[in-house]
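Biologist: I should be grateful for a close look at a single part of this structure, namely one pair of packed helices. Please describe the geometry of the pair, the residues that form the contact, and the setting in the protein as a whole.

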Amino acid sequence: MADDHVRAMAAYKIGAEGGHANSQHQLGFMLMNGRGIISPDYEQALAWYEKAAAQDQPNAINLLGV
């Protein structure tokens, strides 16, 4: 299971760095929950959520509001 999270995180990072809003949201989610890494990284999660929200990604907008 951990290997799946690591692979998913790597794939989302490629998409996120390419400007894909859904990948940015998913990467933020994984960082916020510590999936694929040792512990959560809230600062990085926030940065990716903000990038996704700037592209009107609804889940990122919602999570920033929470």
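Modeller: In this predicted model, the crossing of α2 and α3 is left-handed. The two helices cover residues 21–33 (α2) and residues 42–54 (α3). Two packed helices are described by the angle between their axes and the distance between the axes. Here the angle is about 160°, and the axes of α2 and α3 lie 8 Å apart. An angle over 145° counts as roughly antiparallel, and α2 and α3 are therefore roughly antiparallel to each other.

On the α2 side, the contact is made by Ala21, Gln24, His25, Leu27, Gly28, Phe29, Leu31 and Met32. Helix α3 contributes Tyr42, Gln44, Ala45, Trp48, Tyr49, Lys51 and Ala52. Sorted by class, the residues of this contact comprise 10 nonpolar, four polar and one charged.

Two residues of α2 merit individual attention. Gly28 is found in helix α2 and, because its relative accessibility is 0%, counts as buried. When neighbours within four places in sequence are left aside, Gly28 is in contact with Ala45, Trp48 and Tyr49; these three residues are listed among the α3 members of the helix contact. Gly28 can also be placed relative to Ala60: the two are 32 residues apart in sequence, with a C-alpha to C-alpha separation of 8.5 Å.

His25 likewise lies in helix α2. With a relative accessibility of 8%, under the 20% limit, His25 therefore counts as buried. Leaving aside neighbours within four places in sequence, the contacts of His25 include Tyr49 and Ala52, both named on the α3 side of the pair. His25 is also in contact with Gln57, Asn59, Ala60 and Leu63.

As for the setting, the protein has four helices and zero strands, and along the sequence these elements follow the pattern α-α-α-α. Of the 66 residues, 29% count as buried. Among contacts with a separation of 6 or more, 38% join residues 24 or more positions apart. The C-alpha trace spans about 30 × 25 × 15 Å along its principal axes. A compact globule of 66 residues would have a radius of gyration near 11 Å, and the protein, at 11 Å, therefore agrees with that expectation.

Methods
Residues are numbered from 1 along each chain as its sequence is written. This is a predicted model: local features need pLDDT of at least 70, side-chain atom pairs count only at pLDDT 80 or more; totals for chains, interfaces and linings use all residues. Side-chain values use heavy atoms; hydrogens and water are left out. Axes are lines fitted to C-alpha atoms, for helices over the stretch in contact, and angles run from 0 to 180 degrees between N-to-C directions. Angles under 35 degrees count as roughly parallel, over 145 as roughly antiparallel, 65 to 115 as roughly perpendicular and the rest as oblique. A crossing is left-handed if the near helix is turned anticlockwise from the far one by less than a right angle, and right-handed if clockwise. Contact means heavy atoms within 4.5 Å. Ala, Val, Leu, Ile, Met, Phe, Trp, Tyr, Cys and Pro count as nonpolar, Asp, Glu, Lys and Arg as charged, and the others, Gly among them, as polar. The radius of gyration is taken over C-alpha atoms; the globule rule is 2.2 Å times the number of residues to the power 0.38. Buried means under 20% relative accessible area, exposed over 50%, partly exposed in between (1.4 Å probe, protein chains only).
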